[in-house]
Structures are given as C-alpha cells and as structure tokens.
Amino acid sequence: MKFIDLVKKRYSLRSYSNKKVDRKKIELCLESARLSPSACNSQPWSFIVIDDEKTKAKIADKTNLLFSKINKFLFDAPVIIAVITEKPNIKSQIGGFLKKKDFNLIDVGIAIEHLCLQATELGLGTCIIGWFNEKFTKQILNIPKNKRIGLLISLGYSKTDAIPEKKRKSLNKIFKYNKK
C-alpha cells in the first residue's frame, strides 16, 4: 500500500466488532511505536495493553462519566492501550527547557501515530482518547503516582468496511512557500 493511501485509510474508529485481536498484531503495532524517532533518542514512552474484559470494562465505565458519553465505544473495543509518558533523558530535558518546547509530548505523539498507522496497515482501527479518568485508570493499572497516562488508544476491528470521508482544510489553506 502506498503511504498516502495508508494515511487516507486511517481514521478514529468508534464502532468495534467483537473479534479478538491477535497479540502478535498488537506487538507489531507496539514495535512500530518503539522504532519511532524521539528528541535525543529519549524514547519517553511505555505502554500497557489492556485486553482483560473486566479491566477494560472498569476503565470504559470511568471514561464515560457525566457528559462524556462520547467514549461509550470503549465498552466494545477489544483492546485499550494506555500510553505512559515517561521522563525524557537529560539531554532532551535540557533542550526542551532551552527551546521552551515539550519534546517528550511531541515524541509520544509521533510514537502513537506510528502505532495507529501500523494498526491500519494490519486491518485494525484505532481511536486516540484524551478524555478519561486518569487517576482511576492509574489505580486500576497499578501505575505509580509520579507517572502520567498521556492518552488511551482503543484498538480492534471495525464493524464495517466503510471508511468515513475526512473533513480537512484544503491543502492551499494550510501552507505557503517561503513566507507567511
């Protein structure tokens, strides 16, 4: 598949079938994330794969609080991946401080997109989730208080083969050559 076709095929899946995901496919997605670039090779990420039904249900339940029912699809997702933002190495920390940039968050974003594109290539769908109960999820997953869960990623097979149309700004509205 051409890369542009892969990018066009990837979207935020919110309707999962109940088909299980083979752990070898999950690990290939994680391997793609592991190989992504990072500032000063700091690799400020780790992942917890949640495929246990009871644990997933607890996380899904606490992710759908009050008005945030937008994530109800998590109950059907065969896999949830917790993305832990790790402390960057000292060179990346110094560079981030001097340049006033949070390189570890940029790096984690790159790793997540590698994971999601690999999943797409394998016929899987993903959705990156920022709205969840971090405190409760950390307790369930036994994550130390000094660590952060940056995002959750749902992973699984779609109920349908249809790929929704992407609504994006046109190319000529997002760039210029040589000056603003």
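This report describes the helices, buried contacts, surface features and salt bridges of a predicted model.

**Confidence**

The protein chain has an average pLDDT of 92, and 97% of its residues score at least 70. Within the chain, confidence is highest in α2, with a mean of 98, and lowest in helix α4, which covers residues 90-99 and has a mean of 86. As a general caution, predicted coordinates should not be read in detail where pLDDT is low.

**Helix α5 and its surroundings**

Helix α5 runs over residues 103-121, and its 19 residues reach 27 Å from the first C-alpha to the last, close to the 27 Å expected at 1.5 Å a residue. After α5 comes glycine 123, which has a positive phi near 85°.

The buried residues of this helix are Asn104, Asp107, Val108, Ala111, Ile112, Leu115, Cys116, Leu117, Gln118, Ala119 and Thr120. Their cover includes two helices, α1 (3-9) and α2 (23-34), together with the strands β1 (45-50), β2 (79-85), β3 (125-129) and β4 (148-156).

Leucine 115, which is found in α5, gives a detailed view of this packing. Leucine 115 counts as buried because its relative accessible area is 0%, under the 20% cut-off. Apart from neighbours within four places in sequence, leucine 115 is in contact with Cys29, Leu30, Ala33, Phe47, Ile81 and Ile153. Leucine 28 lies 87 residues away from leucine 115 in sequence, yet the two C-alpha atoms are 8.4 Å apart in space.

**Exposed features**

On the surface, Ile90, Ile94, Phe97 and Leu98 make a nonpolar patch of about 480 Å². One of these residues, phenylalanine 97, is found in helix α4, and phenylalanine 97 counts as exposed because its relative accessibility is 66%. Since α4 is the helix where confidence in the chain is lowest, at a mean of 86, the confidence value may be kept in view alongside the patch.

Two asparagines have a positive phi, in each case in a residue other than glycine: for asparagine 41 the angle is near 50°, and for asparagine 142 the angle is near 60°. Asparagine 41 is placed in the loop between α2 and β1, whereas asparagine 142 is placed in the loop between α6 (134-141) and β4. Both are exposed, asparagine 41 with a relative accessibility of 53% and asparagine 142 with a relative accessible area of 70%.

**Salt bridges**

In general, side chains of opposite charge can pair when their charged atoms come close. The structure holds six salt bridges, and the table sets out some of them.

| Salt bridge | Closest N to O distance |
|---|---|
| Arginine 34 and glutamate 31 | 2.7 Å |
| Glutamate 53 and lysine 56 | 3.4 Å |
| Glutamate 86 and lysine 147 | 2.3 Å |

Arginine 34 and glutamate 31 are separated by about one helical turn, because they are three residues apart in helix α2. Arginine 34 is partly exposed, with a relative accessibility of 44%, and glutamate 31 is also partly exposed, at 31%.

Glutamate 53 and lysine 56 are three residues apart in helix α3 (residues 53-63), so about one helical turn separates them. Glutamate 53 is partly exposed at a relative accessible area of 42%, whereas lysine 56 counts as buried at 4% relative accessibility.

The side chains of glutamate 86 and lysine 147 meet in a salt bridge with an N to O distance of 2.3 Å. This pair links distant parts of the chain, with glutamate 86 in the loop between β2 and α4 and lysine 147 in the loop between α6 and β4, 61 residues apart. Glutamate 86 counts as buried because its relative accessible area is 19%, under the 20% cut-off, while lysine 147 counts as partly exposed at 25% relative accessibility. Elsewhere, Lys20, Glu53 and Lys56 are joined into one network by salt bridges that share partners.

Note on methods. Residues are numbered from 1 along each chain as its sequence is written. This is a predicted model: local features need pLDDT of at least 70, side-chain atom pairs count only at pLDDT 80 or more; totals for chains, interfaces and linings use all residues. Side-chain values use heavy atoms; hydrogens and water are left out. Helices (H or I, at least four residues) and strands (E, at least two) are DSSP runs, numbered from the N terminus. The expected span of a helix is 1.5 Å times one less than its number of residues. Buried means under 20% relative accessible area, exposed over 50%, partly exposed in between (1.4 Å probe, protein chains only). Contact means heavy atoms within 4.5 Å. pLDDT is the predictor's confidence in each residue, from 0 to 100. Patches are made of residues with over 30% relative accessible area and no salt bridge: like charges are joined within 9 Å, nonpolar side chains (Val, Leu, Ile, Met, Phe, Trp, Tyr) within 5 Å. Accessible areas come from the Shrake-Rupley method with a 1.4 Å probe; for residues, only the protein chains shown count as cover. A salt bridge is a side-chain nitrogen of Lys or Arg within 4 Å of a carboxyl oxygen of Asp or Glu.
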